[in-house]
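Visitor: I've got a few things I'd like to ask about this one. Can you put it up so we can look together?

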Amino acid sequence: MYLIGIDVGGTFTDGTLIKSDTIVTSVKNPTDNTNIGSSLFKTLDQLLTNISDLNLIERVVMSTTAVTNLIATEKTEPTALVLLPGHGLPLSYYEIGDNCHFLQGAIDFRGNITEEISLSEIKDTIKDIKNQGIKRIAIAGKFSNRNNEHEVLVKELFATDYPKALVLISSEISNQLNFRRRAATTFFTALIYHEWQNFVEHVQKAVKSRGISAEVQVLKADGGTMPLEISRTLPCQTIYSGPAASTMGGVALTMDQENSVVIDIGGTTTDLSLVIEGEPLYASKGATINEHYTHVDAFSLTSLPIGGDSKIDFIDKGIEILNREDFALCFGGQHLTVTDVFNVSYDLKIGDYKKSIKALDDFASQHNSSSENLAQEVIDQVIGRLETAITNMFTKWEQEPAYKVWEVVNERKFKLHRIIGIGAASTAIVPVLAKRLGVEYFLNEHSQVANAIGTAVVRPTVNISLHVDTQNRFYTTHPSGQFGKIKNPAKFRLEDAKNLATEHLDSILKERNMANYEGEAVFYMEEQFNVIRGWDTTGKIFDIGIQVKPGFIPEFMGVK
């Protein structure tokens with residue numbers, strides 16, 4: 001059986017075809033960001049030429065920076081955020097984006113309505129948003145994960161008065177505590193919703209037109225996959241799909257217990273992640289998007305706006321490394337880039353090598369310098385920024401409470417053993433960086449397409465959290481946002497809550513053709529609290545978490 005992994009990056013689209021533990025073939029093509037479909041078609045066709053029977057394809061998995069790049073480049077349509085924050089913190093604390101609206105109405109942490117909403121106020125808000133021509137709306141109410149009555153009513157009024165608008169509510173997107181993160185998750189979901197639908201349709205068209213019957217999965221920010229069709233309603237889960245592919249690719253190529261920094265040097269950005277004893281480090285507070293915490297589970301990542309295609313310029317009598325404008329000159333671009341400089345300095349001979357030489361010589365001549373001096377200045381800047389980013393990663397990790405626990409359990413300080421290089425430019429940059437940091441480095445023939453490899457072999461993940469309030473006789477789930485009634489609340493116990501969470505997880509696993517992972521689910525949270533009134537216990541609150549953890553599919557044991 002064959003596995004196909006495709007990573008659609010901002011600069012290149014990588015693809016790999018794997019059979020057992022052998023990489024049959026890998027390809028790398030420039031990404032046409034004006035026509036993602038063409039990049040997918042080309043990459044997929046090149047991989048399929050190595051398969052005689054398409055029925056032998058077991059799975060197709062995609063990863064992409066499409067969502068990340070949309071938000072980073074601000075190429076999205078205006079989106080309104082409608083909030084029902086209740087009472088407490090100043091309204092300014094909750095503001096996200098340029099079109100934030102606040103409504104009356106409040107629900108307490110038990111799900112009880114403490115302030116009714118104003119229908120006239122909602123209608124005025126809808127009219128205001130409609131007059132501005134904003135067609136994407138995110139609605140979030142504090143404690144709507146306990147009772148979403150207010151959110152649903154506001155959505156229904158939008159459907160009546162503004163039927164052309166896309167309207168999403170937080171209880172169906174996130175459904176967790178922490179109002180600000182839930183609001184942010186819903187806002188960013190609405191922000192990129194239609195663009196993600198377009199990407200999904202491109203992928204489905206590419207697969208269907210080639211006669212592939214295998215289910216298509218997409219890589220999430222937590223290093224696991226979910227069905228592509230399910231991702232239509234949860235596009236924010238793919239926000240750091242590309243960097244997650246880099247991380248899992250680095251782990252897939254090494255498969256050991258070393259402490260590593262995975263560094264993926266792409267054309268537009270450089271992404272770094274930390275691997276501790278062979279396991280990727282997760283962001284303790286969830287993914288951060290435009291400096292807003294969200295409820296998206298993700299690796300702890302650092303992204304720098306510097307890549308192989310970063311433009312080199314001379315500003316105010318000094319060398320500046322700017323954002324990407326085009327491909328490197330050696331790959332048909334119009335400007336001198338970081339790749340061109342390393343191409344010459346380290347005699348890489350990639351692309352049209354002579355163009356890199358000429359461009360660097362011309363640039364040096366224009367600024368009365370030598371090619372060697374200018375190249376060294378660029379190299380020093382690149383390596384310096386990467387070194388600072390890695391140092392800051394360590395500092396951030398050491399400030400986490402989990403680090404203190406790790407120190408106690410392992411009875412030693414954390415020590416970096418190695419840098420794992422990913423991407424075409426890593427062959428030049430990583431050895432220099434590793435020497436500067438005094439550690440080893442890992443590069444091999446598959447490093448340039450490690451994103452696609454990691455994408456192909458990671459397994460599906462599902463995470464369910466359950467909240468039960470026996471006094472109020474209800475339960476809610478995340479991320480499905482289901483509300484249900486509790487039978488026999490007086491006799492409901494912790495084991496009943498765990499069984500209920502397991503039932504919901506098993507239902508999702510069957511729905512996603514993941515029944516074979518039922519036995520691998522583990523509980524990561526089991527909490528129980530008594531509700532006291534006077535001298536009596538009037539009920540119990542349970543919070544249960546159960547998941548199929550990220551990792552690799554069972555048949556993957558490493559790459560030969």
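Visitor: Which side chain does the side chain of serine 260 make a polar contact with?

Guide: Keep in mind that this is a predicted model. Serine 260 sits in strand S13, which covers residues 260-265. Beyond its sequence neighbours up to four places away, it touches Ser273, Leu274, Val275, Leu416, Arg418 and Ile420. The side-chain polar contact, at 2.9 Å, is with arginine 418.

Visitor: Okay, and is serine 260 buried or exposed?

Guide: The cut-off for buried is under 20% relative accessible area. Serine 260 has a value of 0%, so it counts as buried.

Visitor: What separates the C-alpha atoms of serine 260 and isoleucine 276?

Guide: Along the chain, serine 260 and isoleucine 276 are 16 residues apart. In space, their C-alpha atoms are separated by 6.6 Å.

Visitor: Over to the helices, then. How is H10 oriented relative to H12: oblique or roughly parallel?

Guide: H10 takes in residues 371-398 and H12 residues 426-437, and their axes come within 10 Å. They cross at roughly 60°. Angles under 35 degrees would count as roughly parallel. The crossing angle therefore makes H10, relative to H12, oblique.

Visitor: How many residues of the contact of H10 with H12 are charged?

Guide: H10 brings Asp380, Val382, Ile383, Leu386, Glu387 and Ile390, while H12 brings Ile429, Val432, Leu433, Arg436 and Leu437. Of these, 8 are nonpolar and none polar. That leaves the charged ones, and they number 3.

Visitor: What's the handedness of the crossing of H10 and H12?

Guide: We've already seen these two helices cross at roughly 60°. The handedness of that crossing is right-handed.

Note on methods: Residues numbered from 1 in each chain as written. Predicted model: local features only at pLDDT ≥ 70, side-chain atom pairs only at ≥ 80, totals over all residues. Heavy atoms only, no water. Axes fitted to C-alpha atoms, helices over the stretch in contact; angles between N-to-C directions. Helix = DSSP H or I, 4+ residues; strand = E, 2+ residues; numbered from the N terminus. Parallel < 35°, antiparallel > 145°, perpendicular 65-115°, else oblique. Left-handed = near helix turned anticlockwise from the far one by under 90°. Contact = heavy atoms within 4.5 Å. Nonpolar A, V, L, I, M, F, W, Y, C, P; charged D, E, K, R; others polar. Buried < 20%, exposed > 50% of the residue type's maximum accessible area, 1.4 Å probe, protein only. Polar contact = N/O pair within 3.5 Å; in protein donor to acceptor, adjacent residues only side chain to side chain.
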